[in-house]
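Let's take a walk through a protein model, one stop at a time. Keep the picture open as you read.

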Amino acid sequence: MGYDFDAVVVGAGPAGSAAAMRLVREGLQVALIEKGLVPGSKNVSGGVLYLDYIPGYTVDDVFPNFEKEAPLERRIVEHEAYFVSEPVRKNGEAEYRVRRIGESSLLTRLGLTGFSETRGRAYSVLRAKLDRWMAERVAEEGGVLNTCTSVEGLLFEGDRVEGVRTNREEIRSKVVIDASGVTSTLVVQAGLRPKLEPEQVYHGVKHVFKLKEEEIEQRFNVGKGEGKAIYYVGPFMRGVEGGAFIYTNRETLSVGIVVSLSSFLKRASEDPENVGKPVDLLEEFERHPAVAGLLEGAELVEYSAHNIPKGYRSILERPYRPGFLVTGDALGAFVKIGALIDGMRRAIATGIMAAETAIRAIKSNRFDESTFSVYRELLRPIYRDVVRSGRSAAISEGSIGYKLGPKLIMIGAGVGKGPARAPEPNPADALKKVQSMTALLQYDEDHHYSHIKVDAEKASGTSLKLWVPACPVNCYTLLLEKGVFASFRDLYRYNLERLRREGLPEEEARRKAVEETFSDIRRARLNFDYVACVACGTCGVIGPPGTVDFGHERDGHGVIFRYG
């Protein structure tokens, strides 16, 4: 049987481009397949790329002169974490308690913040720029870059993977490397794991604000071309396990929150009075006086959402099968230690390791189990990092990290002051609020194909329709005679206002509003509309299969991020 390519790499993110570049430089025929209109148009990160890592497996090893030529934003010169309290407004000022944790703090020396992992060169990046640049370098070296193409299945010859089936054609190859990210469906088809569950992922939502370069440097007290990575923990999370971040880019700020998806679902189903959608937590963070002044006058230019694998719960026990290797977020090669969110350098490392394994198989013309098992040996330092992050999570996450820890850290905390009058909460309900944010995005709408399959009857018959609050946009809504609702909190507020108008005492009105809200959720019809989807994959993680199934857009359709 003939082959179209020596290797097919699925996904033109950092892992995929690193793998493809290593293969191309070995003189092999390589196809780099990307579902987006252009590489990076579907990708989102915070984010900071740490350049220094395992010798031989860094971005410099596949992209020489990377630091000089790549579209990097700012060199990160400082990492900080802030624990803040609920603000109190009095005497014309907003006051709050605050504790700063820096790179030289005791908690950092104890390894609890993750900042000890940040030594060396680090840069803020925007994925729409970075991923495109990396993929273009692969094409310049002779790789075949195939965009607007979704890989929808694997081709098998017995136990061995021998290519892929796309929305356009079948492509035969000696090796397939899956770098398609956290929403990968190929790892499931390959039998390497079932679909991800909420306990195995973080969920992030992000705003990008435009601000003048010199204004960023003044507000964050950094020099020209320098930047900071800042993390926050506080009551703005409304009991959801997670925290917030600000990354300084050249002329923009990346501002977002990262939550444990399972924790968010639990809180949304317990406390509709306070927990709406993830973006509501983000906006509350942005209104905090510790943050509001930093964002004053900045222009919101992009809204995005993305899932992140909890490496210590999702990394594949077996990252290969004959003819098939898994890298990056699809593998689960992601580490969160304390405040540190660190996946890109490991994605690049795993991409190079997968490429080296593929080169060995292709050159020896051996595609058996023992040949591909070498990949697991190469990955040993990655797995050690992930296991270590799991030990850290036992302290930094859960009730210790998000309840007890902040209380102890805030003992003796200083006093911070911010704007006397914080920005007013957005009065719009989630439906209108999210519509205004998705209006900032560019979409190439597919009028004929939905990449998400929803059995509306099954979904409507479930008691807790958690796709509704968890969806960062308005793909899922509740339909009732009372109206259309995109969060449980909006439905609760509707019920509460009606009960107040009926004259019920406040405490009784609140109690009855909660009861009525969950009764409404049980009987509501679920409405699904994929048009403004940002392809985060959250609904597919919630599932279950047969009720909600997540796939990939075809022909480059869907959201096109300008920043990422």
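Which ring does the charged end of arginine 554 sit over? That would be tyrosine 449, with the charged end 3.9 Å from the ring's centre. Keep in mind that this is a predicted model. Another positively placed neighbour to look up is lysine 310, which lies over the face of tyrosine 202 at 5.3 Å from the ring centre.

Now for rings that meet other rings. A pair of aromatic rings is described by how far apart the centres are and by the angle of the planes. Searching the whole structure turns up 12 aromatic pairs. Take phenylalanine 236 and phenylalanine 285: their ring centres are 5.0 Å apart and their planes sit at 50°, so this pair is tilted. Phenylalanine 236 belongs to the loop between β13 and β14, while phenylalanine 285 is part of helix α9, so the pair ties together parts 49 residues apart in sequence. Both partners are tucked away: phenylalanine 236 counts as buried at 2% relative accessibility, and phenylalanine 285 is buried too, at 0%. They also join Tyr82 and Tyr232 in one aromatic cluster.

Last stop: helix α13, which covers residues 344-364. How far apart should its ends be? At 1.5 Å a residue, its 21 residues should span 30 Å, and the end C-alpha atoms are indeed 30 Å apart, so the two agree. This helix is mostly covered, with 17 of its 21 residues buried. Just after α13 comes asparagine 365, which takes a positive phi of about 55°.

Definitions and conventions
Residues are numbered from 1 along each chain as its sequence is written. This is a predicted model: local features need pLDDT of at least 70, side-chain atom pairs count only at pLDDT 80 or more; totals for chains, interfaces and linings use all residues. Side-chain values use heavy atoms; hydrogens and water are left out. Helices (H or I, at least four residues) and strands (E, at least two) are DSSP runs, numbered from the N terminus. The expected span of a helix is 1.5 Å times one less than its number of residues. Buried means under 20% relative accessible area, exposed over 50%, partly exposed in between (1.4 Å probe, protein chains only). Rings of Phe, Tyr and Trp (its six-membered ring) pair if their centres lie within 6.5 Å; planes under 30 degrees apart count as stacked, over 60 as edge-to-face and the rest as tilted. A charge sits over a ring if NZ of Lys or CZ of Arg is within 6 Å of the ring centre and within 35 degrees of the ring normal.
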